[in-house]
Amino acid sequence: MDIRWLIALLPAVFMFHDFEELVMFEPWLRKNRGEVRRRFPPIDAVLARWHDGLSTPAYAVAVMHEFAIVAVITYGSLYVDSYGWWFGAFAAFSLHLLIHIAQWLIYRKYVPFVLTSILALPYCGYTLMGFLSVTSLSLTELVLWCILGVLLTLASFPSAFALAARFERWKNASYLSG
């Protein structure tokens, strides 16, 4: 398969994975929050900071923000035929999936991101092997792009969740009250 097709699939695979989170996270959290708070206080602190007070539609705004970044990077890379930025986004997404699988192994129960994480791993592995076979990027460059991708992802979270919180306030004040 042409590597460009595999590269172009990243936004679709990203959304496939995030749909599970969007659909399942709120009901799962409602049912499991006490156990998460008791067993994993640092995770509960992260949830309190980034997720509490956000409805599923507002959380979807944060996902849309991240999807837009992945899509712009992916299709921009295809357009200019330069793949460092794409590799950074791809590497960050792949690591994100591995972290979710580790969370599931540690929690030892269903978590609302593990099924699509497992299902997306073959795409990541196959695409990585295909990309490595055609790229002119050195190992050092690949590592640097991976680090940059992770840092960009982490740096994008505050604006994604600020946008989600702003949407939540608008929805509650304007849309739902009128």
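## A walk through the helices

Select Leu154 to begin: with a relative accessible area of 48%, Leu154 is partly exposed. On this scale, buried means under 20%, exposed means over 50%, and partly exposed is what lies in between, with a 1.4 Å probe and protein chains only.

A quick note before moving on: this is a predicted model, where local features need pLDDT of at least 70 and side-chain atom pairs count only at pLDDT 80 or more, while totals for chains, interfaces and linings use all residues. Residues are numbered from 1 along each chain as its sequence is written, and side-chain values use heavy atoms, leaving out hydrogens and water.

**Around Leu154**

Leu154 sits in helix H7, and helices here are DSSP runs (H or I, at least four residues), numbered from the N terminus. Now add Leu139, Val143, Leu144, Ile147, Leu151 and Phe157 to your selection: together with Leu154 they make a nonpolar patch on the surface, with about 670 Å² of accessible area. Patch members have over 30% relative accessible area and no salt bridge; nonpolar side chains (Val, Leu, Ile, Met, Phe, Trp, Tyr) are joined within 5 Å, like charges within 9 Å. A salt bridge would be a Lys or Arg side-chain nitrogen within 4 Å of a carboxyl oxygen of Asp or Glu. The areas come from the Shrake-Rupley method with a 1.4 Å probe, and for residues only the protein chains shown count as cover. While you look along the helix, remember that an α-helix has 3.6 residues a turn, so residues three or four places apart point the same way.

**Rings in the interior**

Next, show the aromatic side chains. A search of the whole structure turns up 14 aromatic pairs. Rings of Phe, Tyr and Trp (its six-membered ring) pair if their centres lie within 6.5 Å; planes under 30 degrees apart are stacked, over 60 edge-to-face, and the rest tilted. Pick Phe14 and Phe93, a tilted pair with 6.0 Å from centre to centre and 50° between the planes. This pair links distant parts of the chain, with Phe14 in helix H2 and Phe93 in helix H5 (residues 84-107), 79 residues apart. Both Phe14 and Phe93 are buried.

Then go to Tyr59 and Phe161, another tilted pair, at 6.2 Å centre to centre and 45° between the planes. Here Tyr59 of helix H4 (residues 56-80) meets Phe161 of helix H7 (residues 139-175), across 102 residues of chain. Tyr59 and Phe161 are buried. Add Phe25, Trp28, Phe40 and Tyr107, and you have the aromatic cluster that Tyr59 and Phe161 belong to.

**Bent H2, straight H4**

Colour H2, residues 10-39. Its 30 residues have end C-alpha atoms only 34 Å apart, short of the 44 Å that a straight helix would reach at 1.5 Å a residue; the expected span is 1.5 Å times one less than the number of residues. Zoom in on Asn32, where a kink of about 65° is centred. That bend is the angle between axes fitted to the seven residues ending there and the seven starting there. Now try H4: 25 residues reaching 36 Å, close to the 36 Å expected.

**Two loops**

After H4 comes Asp81, with a positive phi near 55°, although Asp81 is not a glycine. Asp81 counts as exposed, at 53% relative accessibility. Tyr83 is in the loop between H4 and H5 too, but Tyr83 is buried, at 14%.

Last stop: Arg108, in the loop between H5 and helix H6 (114-134). Arg108 also has a positive phi, about 65°, without being a glycine, and counts as exposed at 70% relative accessibility.

Terms used
Helices (H or I, at least four residues) and strands (E, at least two) are DSSP runs, numbered from the N terminus.
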